[in-house]
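Got the viewer open? Turn on the cartoon view, keep the selection box handy, and let's take a walk.

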Amino acid sequence: MTRAVVAEDEPLLRDELVRLLRQAWPELRIVAECEDGASALETIAEQQPEVAFLDIRMPGLTGMDVATAAATSSPGTQIVFTTAYHQYAIDAFERGAIDYLLKPVTPERLAATVQRIQSRLASGRLPADLGQLLRDLAQGAATTPKAPPLTWITASTGRETRLIMVDDVAYFRADNKYTVAMTAEGEALLRTPLRELLEVLDAQVFRQIHRSTIVNLKAVASIVRDDTGRGLLRLKNRAETLTVSQPFMVLFRTM
């Protein structure tokens, strides 16, 4: 039985894609429905599905980030990107002969995509090389205006509300529906969920290392890989070490 992972941060769109997939491909087993790139990356590494449907824009790790990492952690997984906009993305997909679904997904387009995937799986063809496609997408994304990243946050320590500069945060850690900001002085509690923070932090500085942890790269002293393939981050101004989940290690190749 062919297995698939569906990653889409909008619940209604995710539910609709799953519904359409069950109609177009009844034999397909959807092993996970993920709401962000971090959970998608870990699930793909664990499950090794034959197909992954990835929203190209998700908080934190985008569909492109997940596809890049999955090429190493699960090289046999066929990738289908879903996107709602930007002609540069469509052009890049078509030049790279990569399957994509334009939102809102139509049954006709999905049926054609399913047929192509089934044909590739039956023939044993490997997934397409995403290298040039991802470079094209990144180049197009660089020309798209973006809102400036978050520079400060308000967080509470007991009854006190503090103003904290984002650069002073060593890492953020999920805590139920809230987020803990860890600085050299201690911890403070934010009422903003981790996945919402991912949308406004500077992606060049803050890197997700686990589905529940985001680290400030400026606060990292060193990183080493243990025998299990996970990474251990040592921080400059805090004594504890942070674990990098094995699927996320591919995102640290340049460190």
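Select helix 1 and look at what its buried residues pack against: strand 1 (3-7), strand 2 (29-34), strand 3 (51-55), strand 4 (78-83), strand 5 (99-102) and helix 5 (107-123). Helices (H or I, at least four residues) and strands (E, at least two) are DSSP runs, numbered from the N terminus. Before going on, know that this is a predicted model: local features need pLDDT of at least 70, side-chain atom pairs count only at pLDDT 80 or more, and totals for chains, interfaces and linings use all residues. Residues are numbered from 1 along each chain as its sequence is written, and side-chain values use heavy atoms, with hydrogens and water left out.

Stay on helix 1 and show side chains. Which residues are buried in helix 1? Arg14, Leu17, Val18, Leu20 and Leu21 are, where buried means under 20% relative accessible area, exposed over 50% and partly exposed in between (1.4 Å probe, protein chains only). These buried residues cover an arc of only 165 degrees around the axis, so they sit on the same side of helix 1; the arc is that of the directions from the helix axis to the C-beta atoms. Spin to the other side of helix 1 and you'll find Leu12, Arg22 and Gln23 exposed.

Next, click Leu54. Along with Val215, Leu54 has the most contacts inside the largest nonpolar core, which has 38 residues. Such a core is a set of buried Ala, Val, Leu, Ile, Met, Phe, Trp, Tyr and Cys residues joined through side-chain atoms within 4.5 Å. Helix 3 (residues 63-73) gives the most to this core, with five residues. Apart from this core lies another, of 17 residues, among them Val6, Trp25, Val114 and Ile117.

Now for some rings: select Phe172 and Phe206. They form a tilted aromatic pair, 5.8 Å centre to centre with 50 degrees between the planes. Rings of Phe, Tyr and Trp (its six-membered ring) pair if their centres lie within 6.5 Å; planes under 30 degrees apart count as stacked, over 60 as edge-to-face and the rest as tilted. Phe172 is in strand 8 (residues 169-175) and Phe206 in strand 11 (residues 206-210), so the pair ties together parts 34 residues apart in sequence. Phe172 is buried, at 0% relative accessible area, and Phe206 is buried too, at 7%.

Last stop: Ser156, in strand 6 (residues 152-157). Ser156 is partly exposed, at 28% relative accessibility. Measure to Arg191 if you like: the two are 35 residues apart in sequence and 9.0 Å apart in space, C-alpha to C-alpha.

Conventions:
Contact = heavy atoms within 4.5 Å.
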